[in-house]
Amino acid sequence: MPHEIRLSPALEEGKLLTHALESVLKSYSFSSFSIGIRSNDAALKAAYREQLQQYVSAAPFWKSKKPVLDAPHVHVLLDVVLNAFVVDIFPQIIVGRYCKLQRGIAQTRHFCYQCKGRGKWNGKTCEICNGEKILTKDSVQELIAPFFVKAFSAKEILFHGAGREDVDVRMLGEGRPFALTIENPFVRKVDLRALEEKINEALQGKVELHALAFAAPDAVAKVTQAYHTKRYRALVHAEKPIALEKLHTHVGNKADVVQTTPIRVEKRRVMKERPHWVVLEKVVPKSAHEVEIFLQTSAGCYVKEFVSGDEGRSVPSIAEWLGIPCVCKELDVLAVEESERMF
Ligand SMILES: [Zn+2]
């Protein structure tokens, strides 16, 4: 959403009052803009349009700014009806990829589902979040936000991931694509390479950002709506000794997997049976009860459930192949890969 500033009056005896407009916009460093006029009177509208265009082309303030039709940094609307300038400061969009090198970090901040972030429930301290209001200690979003807020002199940032991994899952390799909406930025020209280096140094061992780039507003939808196949490393723990040959027979084959919404996310999502696929790529024995497996999966496949079987909600599963109860003890996303059309 753009940040809106209203400046009134904009007109006096048919003449533009541009002093307040310039003094407000002076504090923003922006390079592109668009202008518009709202009036119920077509003739009046045309007259003001001419006056506004003359002003913009003559005033020194606008010399270095470029008028554009698409995705301006700033939109100035002369509202003749309200006798006001309505200025929209559009967010800056940044795209990139993030790695999460440590377990226990969420992707974004999660408010407590019981007290909805109030910290109190039924007049007492909420027992779900212990009055903390949020359920996550650290999140990628909160860890990186202060750097962007400072560099862009912005109000806040919104984080949009191309899907998400669980809090206890690491995101390794080249990272996961994300987009940031930087709200109400006073600064637009930022050296993203330098910012990336600064963030990576400060968050060493926790979070790493790569390939930061400026993007158009539609990048947010592109990032969040894309489907990606993934590669994983999972540490499987079995209740009984593992017969490795039972896994070896599946290595390299594309297995069709039917998954029902897992028990752990049932509260949040509608129950649905979905077709997925998994390729077991490599099996590395760790001990009699533990084996490390490397997988490639379709977008949205639940890997922890593919390991355990989730009480029959993932068919087949590693537990089914081995014929013994198993759990996924550790999980890492190794790659978020090229887009895959699901439908
Ligand atoms: Zn709570």
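This is a conversation about a zinc site and some salt bridges in a predicted model.

Colleague: Which residues coordinate the zinc ion, and what makes their atoms donors?

Modeller: The zinc ion is coordinated by the SG atoms of Cys 112, Cys 115, Cys 126 and Cys 129 at 2.3 Å, and because a sulfur atom within 2.8 Å of the metal counts as a donor, these SG atoms qualify. Along the chain the donors follow the spacing C-x2-C-x10-C-x2-C. Cys 115, in the loop between strands S9 and S10, and Cys 129, in the loop between strands S11 and S12, link distant parts of the chain, 14 residues apart.

Colleague: Why is the arrangement around the zinc ion called tetrahedral?

Modeller: The four donor atoms subtend angles of 105 to 115°, and since four donors count as tetrahedral if all angles lie between 85 and 135 degrees, the arrangement is tetrahedral. For comparison, the ideal angle for four tetrahedral donors is 109.5 degrees.

Colleague: Are Cys 115 and Cys 129 buried or exposed?

Modeller: Cys 115 is buried, and Cys 129 is buried too.

Colleague: What makes the contact between Arg 109 and Glu 142 a salt bridge?

Modeller: Their side chains meet at 2.8 Å, N to O, and because the definition asks for a side-chain nitrogen of Lys or Arg within 4 Å of a carboxyl oxygen of Asp or Glu, the pair counts as a salt bridge. This pair links distant parts of the chain, with Arg 109 in the loop between S9 and S10 and Glu 142 in helix H3, 33 residues apart.

Colleague: Why does Arg 109 count as partly exposed?

Modeller: Its relative accessibility is 38%, and partly exposed residues are those between the limits of 20% and 50%, so Arg 109 belongs among them. Glu 142, with a relative accessible area of 26%, is partly exposed by that reasoning.

Colleague: Where does the salt bridge between Glu 165 and Arg 176 lie, and are these residues buried or exposed?

Modeller: Glu 165 is in the loop between strands S13 and S14, while Arg 176 is in strand S14, and both residues are buried. The closest N and O atoms of this salt bridge are 2.8 Å apart.

Colleague: How do you know that Lys 222 is exposed?

Modeller: Lys 222 has a relative accessible area of 58%, and because exposed means over 50%, Lys 222 is exposed. Its salt-bridge partner, at 3.6 Å, N to O, is Asp 218, which at 43% relative accessibility counts as partly exposed.

Definitions and conventions: Residues are numbered from 1 along each chain as its sequence is written. This is a predicted model: local features need pLDDT of at least 70, side-chain atom pairs count only at pLDDT 80 or more; totals for chains, interfaces and linings use all residues. Side-chain values use heavy atoms; hydrogens and water are left out. Donors are N, O and S atoms within 2.8 Å of the metal (3.2 Å for Na, K and Ca); water is not among the atoms, so sites may look incomplete. Four donors count as tetrahedral if all angles lie between 85 and 135 degrees; four count as square planar and six as octahedral if opposite donors are over 155 degrees apart and all others between 65 and 115; anything else is irregular. Helices (H or I, at least four residues) and strands (E, at least two) are DSSP runs, numbered from the N terminus. Buried means under 20% relative accessible area, exposed over 50%, partly exposed in between (1.4 Å probe, protein chains only).
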